[in-house]
Amino acid sequence: MKILVLGSGAGGGFPQWNCNCANCAGQRSGRIRAGERTQSSIAVSADGQSWVLLNASPDIGEQIRRHPQLHPRCGPRDTPIKAVVLMDAQIDHVTGLLGLREGPCIELYATRCVFEDLTSGLPLLDVLQHYCGTRWHMLAVDGGRTCFEFEIEAAPGLRLTALAIPGKAPPYSPHRREQVVGDNIALRIEDLADGSSLFYSPGLAQVGEQELAWMSAADCVLVDGTFWQDDEMQRAGLGAKTAGDMGHLAQQGSAGRPGMLDALRDTGAARKVLIHINNSNPILDEDSAPRRVLDSLGIEVAHDGMEISL
Ligand code: MLT
Ligand code: MN
Ligand code: ZN
């Protein structure tokens with residue numbers, strides 16, 4: 001299986017256009033060693049020919065331009081991107097769908113809640129009907145099920161499983177205050193030829209027994225690296241919300257509650273990679289103390305352009 005990290009940043013990317021925090025200002029001036037990051041999306045493929053996008057970031061045009069694997073191959077108009085799977089209905093994960101409007105009808109895989117949000121609060125899919133259109137494939141993780149296994153015909157060789165996980169619906173969703181099953185999913189992706197597997201979850205509010213089991217069963221985990229500390233935004237004067245308020249589990253635990261690092265420590269995966277890094281997170285600075293902590297734990301930080309082969 002081939003994995004391309006198209007965008008390793010959280011909403012806003014890095015540096016964020018209006019942000020003057022130590023990271024963003026430091027990156028602009030060259031005072032810190034930290035790479036720019038576009039907003040959250042990866043692409044996966046079994047054969048390197050047909051690709052599936054996991055989330056569609058507002059930076060999608062630039063992300064495709066940077067990756068020859070995703071360029072058109074033959075005929076006047078062409079794309080190796082065969083489908084898009086959405087993990088939730090957050091702006092940084094879905095607005096790139098508009099950037100695909102010049103192409104063929106989008107084969108779109110999402111849960112019922114996400115289809116609802118994208119036809120009501122943020123009616124992107126209604127708008128797209130006037131362009132390429134979308135064909136809906138329902139990921140049925142609701143109705144008593146928490147897992148839904150599927151394959152994508154046009155991108156053969158992969159078996160995907162959507163897993164309902166704790167998280168948050170977007171601020172514009174009627175479910176923001178009270179999460180509904182299906183607002184957020186993680187994905188397990190297995191290569192049918194060699195059995196290798198990836199666990200992908202850019203937004204994960206809590207790692208319970210179930211999530212830990214899924215993470216431990218994967219060869220590679222690419223998980224929520226949004227915040228180092230739960231109150232990181234407040235401490236830096238950037239906002240009032242905690243990581244928990246936004247549906248993200250911070251790397252460091254707080255008030256006796258384990259953090260993502262504790263979960264990763266208990267995970268058997270060969271590769272452990274943090275992704276969806278917010279611009280406030282000190283791990284963006286390659287020379288920071290938190291970065292050394294990650295190094296000592298064998299945890300990697302995803303960067304734009306990172307390629308993982310399993
Ligand atoms: C989030 O995951 O909480 C988002 O990155 C927020 C956003 O898109 O602004
Ligand atoms: Mn996000
Ligand atoms: Zn910043």
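This section describes the metal sites, the ligand surroundings, the aromatic pairs and selected backbone features of a predicted model.

The zinc ion (ligand 3) is held by protein donors from four residues, namely Cys-19 (SG), Cys-21 (SG), Cys-24 (SG) and Asn-279 (OD1), at 2.3 to 2.4 Å. Along the chain, these donors follow the spacing C-x1-C-x2-C-x254-N. The angles subtended by the 4 donor atoms run from 104 to 123°, and the arrangement around the zinc ion (ligand 3) is therefore tetrahedral. For four tetrahedral donors, the ideal angle at a metal is 109.5 degrees. Among the donor residues, Cys-19 is buried, with a relative accessible area of 9%, and Cys-24 is likewise buried, at 0%.

The manganese ion (ligand 2) has protein donors from Asp-92 (OD) and His-276 (NE2), which lie 2.1 to 2.2 Å from the ion. Asp-92 belongs to helix α3 (residues 91–94), whereas His-276 is in the loop between β12 (271–275) and α9 (289–297); the pair therefore ties together parts that are 184 residues apart in sequence. Since buried residues are those under 20% relative accessible area, Asp-92 qualifies with a value of 8%, and His-276 qualifies with a value of 4%. The backbone of His-276 has a phi near 60°, which is a positive value in a residue other than glycine.

Asp-92 and His-276 also take part in the surroundings of ligand 1, together with Gly-11 and His-248. Three polar approaches to oxygen atoms of ligand 1 can be described. From Gly-11, a backbone N or O atom lies 2.9 Å from an oxygen atom of ligand 1. From His-248, an N or O atom of the side chain is 2.8 Å from an oxygen atom of the ligand. From His-276, a polar side-chain atom lies 3.3 Å from an oxygen atom of ligand 1. Taken alone, ligand 1 exposes 270 Å², of which the protein buries 72%. His-276 thus appears both as a donor to the manganese ion (ligand 2) and among the residues around ligand 1.

The aromatic side chains were examined next. A pair of aromatic rings is described by the distance of the centres and the angle of the planes. Within the centre-to-centre limit of 6.5 Å, the count comes to 3 aromatic pairs. In one of them, the ring centres of Tyr-109 and Phe-150 are 5.3 Å apart and the planes meet at 20°, so the pair is stacked. Tyr-109 is placed in strand β5 (residues 106–110) and Phe-150 in strand β7 (residues 147–150), so this pair ties together parts that are 41 residues apart in sequence. Both Tyr-109 and Phe-150 are buried. Another pair is formed by Phe-115 and Trp-136, whose ring centres are 4.2 Å apart with planes at 10°, so this pair is stacked as well. The pair links distant parts of the chain, with Phe-115 in helix α4 (residues 112–117) and Trp-136 in strand β6 (residues 134–138), 21 residues apart. The two partners differ in exposure: Phe-115 is buried, with a relative accessible area of 2%, whereas Trp-136 is partly exposed, at 41%. One aromatic cluster is formed by Tyr-109, Phe-148 and Phe-150.

Further local features lie in the loop between β3 (51–54) and α2 (60–66), where Ser-57 is placed. Ser-57 is buried, with a relative accessible area of 0%. The side chain of Ser-57 reaches the backbone nitrogen of Asp-59 at 2.8 Å, and a polar contact of 3.5 Å joins the side chains of Ser-57 and Gln-63. Asn-55 is also placed in the loop between β3 and α2. The phi of Asn-55 is near 75°, a positive value in a residue other than glycine, and Asn-55 counts as buried at 0% relative accessibility.

Towards the start of the chain, Val-5 is found in strand β1 (residues 2–7) and counts as buried, at 0% relative accessibility. Val-5 and Glu-209 are separated by 204 residues in sequence and by 27 Å in space, C-alpha to C-alpha. The peptide bond from Phe-14 to Pro-15 is cis, with omega near -5°, and Pro-15 is found in the loop between β1 and α1 (22–29).

Note on methods: Residues are numbered from 1 along each chain as its sequence is written. Chains are lettered from A and ligands numbered from 1 in the order in which they are written. This is a predicted model: local features need pLDDT of at least 70, side-chain atom pairs count only at pLDDT 80 or more; totals for chains, interfaces and linings use all residues. Side-chain values use heavy atoms; hydrogens and water are left out. Rings of Phe, Tyr and Trp (its six-membered ring) pair if their centres lie within 6.5 Å; planes under 30 degrees apart count as stacked, over 60 as edge-to-face and the rest as tilted. Helices (H or I, at least four residues) and strands (E, at least two) are DSSP runs, numbered from the N terminus. Buried means under 20% relative accessible area, exposed over 50%, partly exposed in between (1.4 Å probe, protein chains only). Donors are N, O and S atoms within 2.8 Å of the metal (3.2 Å for Na, K and Ca); water is not among the atoms, so sites may look incomplete. Four donors count as tetrahedral if all angles lie between 85 and 135 degrees; four count as square planar and six as octahedral if opposite donors are over 155 degrees apart and all others between 65 and 115; anything else is irregular. A residue is near a molecule or strand if one of its heavy atoms lies within 4 Å of it. A polar contact is a pair of N or O atoms within 3.5 Å; within protein, one must be able to donate a hydrogen and the other to accept it, and residues adjacent in sequence count only if both atoms are side-chain atoms. Accessible areas come from the Shrake-Rupley method with a 1.4 Å probe; for residues, only the protein chains shown count as cover.
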